[in-house]
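Subject: Structure for you to look at

Hello,

I am passing on the structure we talked about, and below it you will find notes on what came out of it. Please open the model beside this message as you read.

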Amino acid sequence: MSHTTTRLPAQSAKARRRSLALRPRRGPGRAPGGKATLWHCLHAEWIKLRTMRSTLYVLLGTLAFCIGLAALNGSSAGSEFADLSPADQATFDPLATSMQGYLLAQIALGLLGGLVITSEYGVRTIVSTLTSVPHRARVLASKAVVLVGLALPVGIVMSLAGFLVGQGVLSGAGAPHLALSDGVALRGIVGGGVYLALAGLFGLALGTVIRSTTATVTTLFGVMLIVQAFAPALPGRVGDWVLKYWPPIAGGQVVTSYQDPALLSPGAGLGIMAGCVAALLAVAFAVFRKRDA
Amino acid sequence: MIEVCGLTKRYGEVLAVDDLTFAVRPGEVTGFLGPNGAGKSTTLRMVLGLDTASSGTATVGGRPYVAHPAPLKAVGALLDPGAVLPSRTAYHHVLALAAGNGIPRSRVNEVLAEVGLEKVSRRRTGTFSLGMRQRLGIAAALLGDPPVLIFDEPLNGLDPEGIVWIRSLMRKMAAEGRVVLMSSHLMTEMERTADHLIVVGRGKLIADMTMRDFIAAHSQREVLVRTPQADALRSLLALAVDVRVENDDTLIVTGLEAAEIGALAAAGGMELHELSPRQVSLEKAFMQLTRDAVEYQADKETDR
């Protein structure tokens, strides 16, 4: 084996010289066979996503946050449960209690989705990306696919970890809790993962249109947290409408086990979020194809 | 071959590139010259499909850049050497580009070795000097072994050894029958490297000719004459041509060949100690030309 490996560099050097020597015989501009495909572009985008340092940090940090918040929330809600009024006990939501981490996780995955493209504009690698693959719809589609390929399983893991830790703590405190075998648990965990993947795509679409990391993060905070925090303060009908239909709030219904009659069902809420992300992605594709790099 | 036909880029009122038409042929190094803001980079970006032309066409090997099935195998380009994610390694930067065109992993190591980065290929590019990033950009350009190479300011940040390396690389690539287009502000390097010149100013084509013709056309040949009878020779020649006094015994004559000066001096019985045609540099010719271009523009504006 060592014999062959020591000979390798010499062989490749020879092969290179041969390939260069052959080149002039090819007519100018006639590229050799081998058409670049969507598959190649997906591979390239996957390499870029996994070699971006922020990817690992963002995901690990968010996972830790989801678990930590589920434990804290579970223990405080569990110890307070006995003191709640019967009405509040009836609407107690063990699923939502363990899933509060999604509030920050959606920002984190939105940021990751945004970085997939804004990091390229930030350091101008968008130039080499688009000279390598000038087919712009293919580039953006590949970014979206690899992002979902990472964000969906990671989102499910985050939801699952929050669920297990949160329900464990609730059960330890003697409060109502869910088991994995409950139907609502599976919907919350998978739905939570889907929601986080949608948040990632939302960030990607925003980042494509805005092109700046800072502005993308600011917008994410505004859309996903600030509106949610101030919606109750909005006057009557407007406030109710926002609480019911604002996409991140509606989408968040998927991690609740108590159905508030004033709000959308988990399925309908997630559908609104998905529709909004799809619309924004369509805008992002149109802008990305048309604009100078 | 790179063919640019009626290429125009308009940003609002401003014409960055104005009806540019030229062709870059294989087998020689073509220099792309022009003062700052002349539209060189915008032209290259349109050739590479990064910017959309307001009108006109740019093709590489007979088709628009974006129509190539695997662009890196058709054109290798170095546009901006700073364009690397600092936290990514050199290897992964090139690997991602290779993957997008289905170029094998082995070729990545090959080009990194070819530009002399094999030892640092696993280091993050944030730790690289400008010269190393320049080499990384060249590695990426060579990746697909393309018949067309485009280098925008490839000499920036390179040390003298790097400059010699890139000059011989470009000469070699041209000798292999490739199209090599290179822009640079370093006139002496351009003069040593390029065979052909395309010069633009204010988005317009100013010249498209061989290096030799360009220098000849845009400079007047000067002859240095050293003689103890400088005053006499000067009054003799100054009737017909332009004579500059360099010092007590030296004149610079413009507008006559060395042989003609020698003959006139002999006829006048004057003693010559030196009679030598002066080499005119690309730099001088370029300055002369751009000065003309500026004056031409100014004239046109006053005419209106």
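Please keep in mind that this is a predicted model. I begin with chain B, where helix 1, covering residues 40-47, lies across strand 1, strand 2 and strand 4, and runs at about 115° to strand 1 of chain B.

Those three strands of chain B form an open sheet, in which the order is 2-1-4 and the pairing is antiparallel. Strand 2 (14-24) and strand 4 (55-60) of chain B stand at the edges, and because each has a single partner strand, one side of each is left without a neighbour in the sheet. From one strand to the next, the twist averages 20°.

If you look more closely at one pair, you will find that strand 1 of chain B, residues 2-11, is joined to strand 4 of chain B by five bridges, the two strands running antiparallel. Within strand 4 of chain B, B:Thr57 is the residue that stands opposite B:Cys5.

The other topic is the contact between the chains, to which chain A gives 37 residues and chain B gives 46 residues. On the side of chain A that touches chain B, the elements giving two or more residues are helix 1 (2-22), helix 2 (38-50), helix 6 (102-123) and helix 7 (126-132) of chain A. Helix 2 of chain A provides the largest share of that side, namely six residues. Sorted by class, the side of chain A that touches chain B has 16 nonpolar, twelve polar and nine charged residues.

Best wishes

Conventions
Residues numbered from 1 in each chain as written. Chains lettered and ligands numbered in written order. Predicted model: local features only at pLDDT ≥ 70, side-chain atom pairs only at ≥ 80, totals over all residues. Pairing = 2+ DSSP bridges. Helix = DSSP H or I, 4+ residues; strand = E, 2+ residues; numbered from the N terminus. Axes fitted to C-alpha atoms, helices over the stretch in contact; angles between N-to-C directions. Contact = placed C-beta atoms within 7 Å. Nonpolar A, V, L, I, M, F, W, Y, C, P; charged D, E, K, R; others polar.
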